[in-house]
Amino acid sequence: MTQDELKALVGQAALQYVEPGQIVGVGTGSTVNKFIEALATIKDRVPGAVSSSEASTARLQALGIPVIAAQDAGELSVYIDGADEIDGQGHMVKGGGAALTREKIVAAQSRRFVCIADESKLVRTLGAFPLPVEVIPMAAAHIGRRFTSMGGTTRLRLKDGAPLVTDNGQHILDVTGLQITDPLGFESQVNQWPGVVTVGVFAHQKASVCLLGTAQGVRTLTF
């Protein structure tokens, strides 16, 4: 199966976690786009979705799924999103699509996080994928130096030759060269640095379930 087919497989499988009559939290990215397409087939069963990005909002609305503001939705039963990496405990690296802050907010608002991913995203230790960190622009250089002191290499994410600007009006640093052996401690530490909006380690908001697309079908991991 192609990677695209695996994404469609787990996107469809995630429908079993959508509770009828309940607002669903929806993440961002190519795998989530497959879930949104699947969600459109049962849109009459849900009152709407809380979206983690402008891109997902546009896709949901184009398919006739109402988008509800996070502050108006209350606690959500489930949040469904992808990951750039996930380890055997459900800790993730996220933010390849630059929506990590809003993703973490909606994840924190939800009782259960269902991660949908293809099997290439399952790792023993987080850190091979460049770690996204959303930062206030004036702090970017200082934060980069702090990662350098930890052995990392930091690069400002660009789009069309200029710094990428997130939905929140901030910049993204991508950090390579790290091995994140203590995701909870690492997330807590970096989130305290002045100028960090969100670090892309999801350990405090880790996955409850991971639906992993494999050549043999969907493998379900629970944490």
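Two strands are taken to pair if DSSP finds at least two bridges between them. The legends below describe close-up views of a predicted model.

**View 1. The six-stranded mixed sheet.** Cys210 stands opposite Leu221 of strand β15. Both strands of this hairpin region belong to an open sheet with the order β2-β1-β3-β6-β14-β15 and mixed pairing. The edges of the sheet are formed by β2 (49-51) and β15; each has a single partner strand, so one side of each is left without a neighbour in the sheet. From one strand to the next, the twist averages 20 degrees. Helix α1 packs on this sheet, where it touches β6 (113-118), β14 and β15, and its direction makes about 145 degrees with that of β14.

**View 2. The β14-β15 hairpin.** Strands β14 (residues 209-214) and β15 (residues 217-222) run antiparallel and are joined by six bridges. Two residues lie between the strands of this hairpin. Thr214 has Gly217 of β15 opposite it.

**View 3. Helix α5 on the six-stranded sheet.** Helix α5 (residues 100-108) lies across four strands, namely β1 (24-26), β2, β3 (79-81) and β6. The helix runs at about 145 degrees to β3.

**View 4. The contact of helices α1 and α2.** The axes of α1 (residues 3-13) and α2 (residues 30-39) come within 8 Å and cross at roughly 50 degrees. The crossing angle therefore makes α1 oblique to α2. The crossing is right-handed. From α1, the residues Asp4, Lys7, Ala8, Val10, Gly11 and Gln12 meet Ser30, Thr31, Lys34, Phe35 and Ala38 of α2. By class, the residues of this contact comprise four nonpolar, four polar and three charged.

**View 5. The salt bridge of Glu37 with Arg59.** Nine salt bridges are present in the structure. In one of them, the side chains of Glu37 and Arg59 meet at 3.9 Å, N to O. The pair links distant parts of the chain, as Glu37 lies in helix α2 and Arg59 in helix α3 (residues 54-62), 22 residues apart.

**View 6. The three-stranded antiparallel sheet.** A further open sheet has the strand order β4-β5-β13 with antiparallel pairing. Strands β4 (85-86) and β13 (201-202) stand at its edges with a single partner strand each, so one side of each is left without a neighbour in the sheet. Two bridges pair β4 with β5 (residues 92-93) in the antiparallel sense. The bridge partner of Ile86 is Met92 in β5.

Terms used:
Residues are numbered from 1 along each chain as its sequence is written. This is a predicted model: local features need pLDDT of at least 70, side-chain atom pairs count only at pLDDT 80 or more; totals for chains, interfaces and linings use all residues. Side-chain values use heavy atoms; hydrogens and water are left out. Axes are lines fitted to C-alpha atoms, for helices over the stretch in contact, and angles run from 0 to 180 degrees between N-to-C directions. Angles under 35 degrees count as roughly parallel, over 145 as roughly antiparallel, 65 to 115 as roughly perpendicular and the rest as oblique. A crossing is left-handed if the near helix is turned anticlockwise from the far one by less than a right angle, and right-handed if clockwise. Contact means heavy atoms within 4.5 Å. Ala, Val, Leu, Ile, Met, Phe, Trp, Tyr, Cys and Pro count as nonpolar, Asp, Glu, Lys and Arg as charged, and the others, Gly among them, as polar. A salt bridge is a side-chain nitrogen of Lys or Arg within 4 Å of a carboxyl oxygen of Asp or Glu.
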